[in-house]
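Reader: I am new to reading protein models, and I would like to understand how the words used for one are justified. Could we go through it together, term by term?

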Amino acid sequence: MSQAKGDRRERELVNELDEAGFAVMRAPASGSATERELPDVLAGDGEQFYAIEAKSSAGDPIYLTGEEVEALIYFAQNFGAKPRIGVRFDREDWYFFHPADLHVTDGGNYRVKKETALADGTDFAEFVGASEKVTLDELGDEGGDDGPDEDVLRVLNAVEQGVMDIEEAARALE
């Protein structure tokens, strides 16, 4: 991808974060204008502070070098921010990852595939606190759960009161 397109995507992210109420700045020529490795974007809302390495792609997997990720983590720790990798694939929104959640290649680099971003990434609305992701597993059978099973509670209460020992409780709950 061209440097101009990458710059445009970074500016887009800065504008979206600004609209979401974050104080935000784009590091000037992050990495090339200075000897120090800087993240692409710094953003904070008074409660959350992020150092973001922003990457975009037309659809191919996004790769980051181990050095890029190490520099991001180092800067974030020293600055007091949370390190995040922001990825954007064409015709998709921004998705965010903690560096530890990325796939590490055999060569020590980091990779994000589009399908991984869509399935496992934190979307923009969740990232800025406008929504919260809920998985199907967390929903369960939606509405079919009336709370804890009364029989289980009775057995646990009996154990707590010393009326039933743990082995009896385990058999009762099988």
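Author: What follows is a set of questions and answers about this structure, which is a predicted model.

Reader: To begin with the whole chain, what does its secondary structure come to, and what share of the residues is buried?

Author: The secondary structure of the protein chain comes to seven helices and nine strands, and buried residues make up 33% of its 174 residues. Among the contacts with a separation of 6 or more, 52% are between residues 24 or more positions apart.

Reader: Why is Arg9 called buried?

Author: The relative accessibility of Arg9 is 13%, and buried means under 20%, so Arg9 counts as buried. Arg9 has its place in helix α1, and, leaving aside neighbours within four places in sequence, Arg9 is in contact with Ser56, Arg88, Asp90 and Trp94.

Reader: How do you know that Trp94 and Phe96 are buried?

Author: The same cut-off of under 20% applies: Trp94 has a relative accessibility of 0% and Phe96 a relative accessible area of 2%, so both count as buried.

Reader: What makes the aromatic pair of Trp94 and Phe96 stacked?

Author: A pair of aromatic rings is described by the distance of the centres and the angle of the planes. For Trp94 and Phe96 the centres are 6.5 Å apart and the planes make 25°; since planes under 30 degrees apart count as stacked, the pair is called stacked.

Reader: Why, then, is the pair of Phe22 and Tyr50 called tilted?

Author: Phe22 and Tyr50 are 6.5 Å apart centre to centre, with 40° between the planes; planes under 30 degrees apart would be stacked and those over 60 edge-to-face, so an angle of 40° leaves the word tilted. This pair links distant parts of the chain, with Phe22 in the loop between α1 and β1 and Tyr50 in strand β3, 28 residues apart. Phe22 and Tyr50 are both buried.

Reader: How many aromatic pairs are there, and which residues do ring pairs link into a cluster?

Author: The count comes to six aromatic pairs, and ring pairs link Phe22, Tyr50, Trp94, Phe96, Phe124 and Phe127 into a cluster.

Reader: What makes β1 and β9 the edges of the open sheet?

Author: The open sheet has six strands in the order β1-β2-β3-β5-β6-β9, with mixed pairing. β1 and β9 each have a single partner strand, so one side of each is left without a neighbour in the sheet.

Reader: How do you know that β3 is paired with β2 and with β5?

Author: Two strands pair if there are at least two bridges between them. β2 and β3 have four bridges and pair in the antiparallel sense, while eight bridges join β3 to β5, which run parallel, so the cut-off of at least two is met on both sides of the comparison. Ile52 in β3 is the bridge partner of Val41, Leu42 stands opposite Ala51 in β3, and Ile85 in β5 is the bridge partner of Glu53. In the hairpin of β2 and β3, which has four residues between the strands, Gly46 takes a positive phi near 95°.

Reader: What makes β3 mostly covered?

Author: Seven of the nine residues of β3 are buried. Helix α2 also packs on the sheet, where α2 touches β2, β3 and β5, and its direction makes about 160° with that of β3.

Reader: How does the span of α2 compare with the expected value?

Author: α2 has 14 residues and reaches 20 Å from its first C-alpha to its last, close to the 20 Å expected at 1.5 Å a residue. The buried residues of α2 are Gly66, Val69, Ala71, Leu72, Phe75 and Ala76, and they pack against β2, β3, β4, β5 and β8. After α2 comes Gly80, whose phi is positive, near 90°.

Reader: Which residues have the most contacts inside the largest nonpolar core?

Author: The largest nonpolar core has 20 residues, and those with the most contacts inside it are Ala51, Leu64, Val87, Phe97, Leu102 and Ala117. The largest share of this core, four residues, comes from α2. A second, separate core of 14 residues includes Val41, Ala43, Phe96 and Phe127.

Terms used. Residues are numbered from 1 along each chain as its sequence is written. This is a predicted model: local features need pLDDT of at least 70, side-chain atom pairs count only at pLDDT 80 or more; totals for chains, interfaces and linings use all residues. Side-chain values use heavy atoms; hydrogens and water are left out. A nonpolar core is a set of buried Ala, Val, Leu, Ile, Met, Phe, Trp, Tyr and Cys residues joined through side-chain atoms within 4.5 Å. Buried means under 20% relative accessible area, exposed over 50%, partly exposed in between (1.4 Å probe, protein chains only). Contact means heavy atoms within 4.5 Å. Axes are lines fitted to C-alpha atoms, for helices over the stretch in contact, and angles run from 0 to 180 degrees between N-to-C directions. The expected span of a helix is 1.5 Å times one less than its number of residues.
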